[in-house]
Each structure stands twice: as structure tokens, then as C-alpha cells.
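Visitor: I am new to this structure and should be grateful for a close look at a single part of it. Please take the nonpolar core as the subject and describe its surroundings.

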Amino acid sequence: MAIPILKLGDYLIASIQSAVTDADLTRLQDDLARQVGELRSRGVIVDVTAAEVMDSFTIRTLLDLAHIGKLRGAETVIVGLKPEVAFAMVQLGLRLDGVATGLDLEEGLAILRRVRSSTDGG
Amino acid sequence: MEDEHHLRIGSEHDILTARQRGRELAAAVGFSGSDLTIVATAISEIARNILEYAREGEIVFTLVRNGPSQGIVVVARDEGPGIPDVALAMQDGYSTRRSLGLGLPGARRLMDEFDIQSEVGRGTTVTMKKWVQSRSARVS
């Protein structure tokens, strides 16, 4: 099942549900890369609140997605990592280096606005 | 008392089923909180390993309830190509595929016990165990 992407002003928002397959994630990566260009989006928020497990493939896909977005001119923020998921990620040895993270959607939007005002202003 | 649950791994959906099933069984044997996520994550890694390298295989969950020791044993078995150099495959960052190369070594870090037997041309068997620990015992 395709992961829906919502448009909010200059930003795109995708929520990952608990049972996403590798194919769903790879498709999200492609869809976001395309839509960032088509809609001239400046930021992407990936909400993982519903994700019960984030394994190495999921993290790899999210990192790639963030870097692809960056190359297309959009900043990516990952929001909603559950504490137990964060704990498992650390034990697994997974890092989200170079990608902004926030507690929830609201914080994600605040981060994107902050990034934007600093780049627009200076 | 022990009980065994078999699950065939042959598609991406089976990875989801395996970690969901593993989580439920882990909860049934007494795991809670972040331990459930840890067990489910380790299962996800080894299930994916089967799918990527052998295309199909099987995961067997065994719940162990022997007096003071309660836990879950997860055996992932395939008849795939096998791993020529197990020591190398267990190093962080080693992967011939698209993962971060953390699959097997990552799963080992998540679980309490981890064993891998592999023979080229015959297949691979990963056995990993996690024991339910009291809160006080876990603080180390």
C-alpha cells in the first residue's frame, strides 16, 4: 500500500504506518523525490509515530530519502520516533547522522521554518 | 514447558508477520516495553537476511519457561548459498546488499545470545535468545 503524502504549503508530510513493506518505503522515496520537484517543496516531514520497529533497512531508506531531498533543495525532518524504537536503534548501532529529528509534527514544522528563515534571511 | 511456532519466510510481508508474531510471543512469555521492540527488531533483521540472501527459509520461535529462566529462542534457517566467511559477515558495515550492513551484527547486539552456523551451498542457521530480566538485573 502506497504511503500517502500530504502537501502543506511548501512542505510535504508522509506518515509511516506500523506495517509498511520494503517496497512501500522504496516507493515513498521515489514519490517524495518526484513531488519535491513537481511541487517545489522546501521541506519534508516523515512521521514515524506509528512505526513499532525501525530496522536497518528502514533507517537506510529514510537516510537516503533525506539526502535525496537535500539534493533536490528540500530539508527533511524525521519526527515521532518512539522511545523504545530509539533505544533499539542505539543498541542496533543505527544512527540518523545529518538528518534533523523532532518529537512530533509540530516540532518538525518549527524546525523546517527555522531552517528556511535562516537560509532565506542570510 | 516449551512451545514452538514455525513461520515460513518467502516475501516482504513475511518479515512483517515474523516481527509481529515474535512480538506477540515475547509478550506472552513476559517481555515488556522496549524489550519487545528489541526482539521484534532483531527478528526483522534476520528475516530480511533470509529473504535477501536465500530468498526463502523458516523462522522457529520457541518460548522457554523453565522456572526462573523465561525467554524466547528464535531460530532462522535457510538452505540458501551459505556464508563463505562468517567472521566477515558479522563485522559492522559488511553487506553485499542494500542494507547498512548491520543486519547480523546488529541482531547479535540486540539479543542476549547469538550463534550462527553456515555452510557454503548448504545454508545458514542463526540461533538467538533473549531472556526476560527483572528491572534491577538489567541495570549494569
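Guide: Read along the sequence, the elements of chain B follow the order β-α-α-β-β-α-α-β-β-α, where helices (H or I, at least four residues) and strands (E, at least two) are DSSP runs numbered from the N terminus. That gives chain B five helices and five strands. The model is a predicted one, in which local features need pLDDT of at least 70, side-chain atom pairs count only at pLDDT 80 or more, and totals for chains, interfaces and linings use all residues. Residues are numbered from 1 along each chain as its sequence is written, while chains are lettered from A and ligands numbered from 1 in the order in which they are written.

Of the 140 residues in chain B, 38% are buried; a residue is buried if 20 or more other C-beta atoms, placed from the backbone, lie within 10 Å of its own. The largest nonpolar core, a set of buried Ala, Val, Leu, Ile, Met, Phe, Trp, Tyr and Cys residues joined through C-beta atoms within 7 Å, has 58 residues. Within this core, B:Ala42 and B:Ala47 touch the most other members. Helix 2 of chain B, residues 34-53, supplies the largest share of the core, with nine residues.

Leaving aside residues up to four places away in sequence, B:Ala47 touches B:Ile9, B:Asp14, B:Ile15, B:Ala18, B:Ile59 and B:Ala76; two residues are in contact if their C-beta atoms, placed from the backbone, lie within 7 Å. Across chain B, 62% of the contacts with a separation of 6 or more join residues 24 or more positions apart.

Key. Buried ≥ 20, exposed ≤ 12 C-beta atoms within 10 Å, placed from the backbone.
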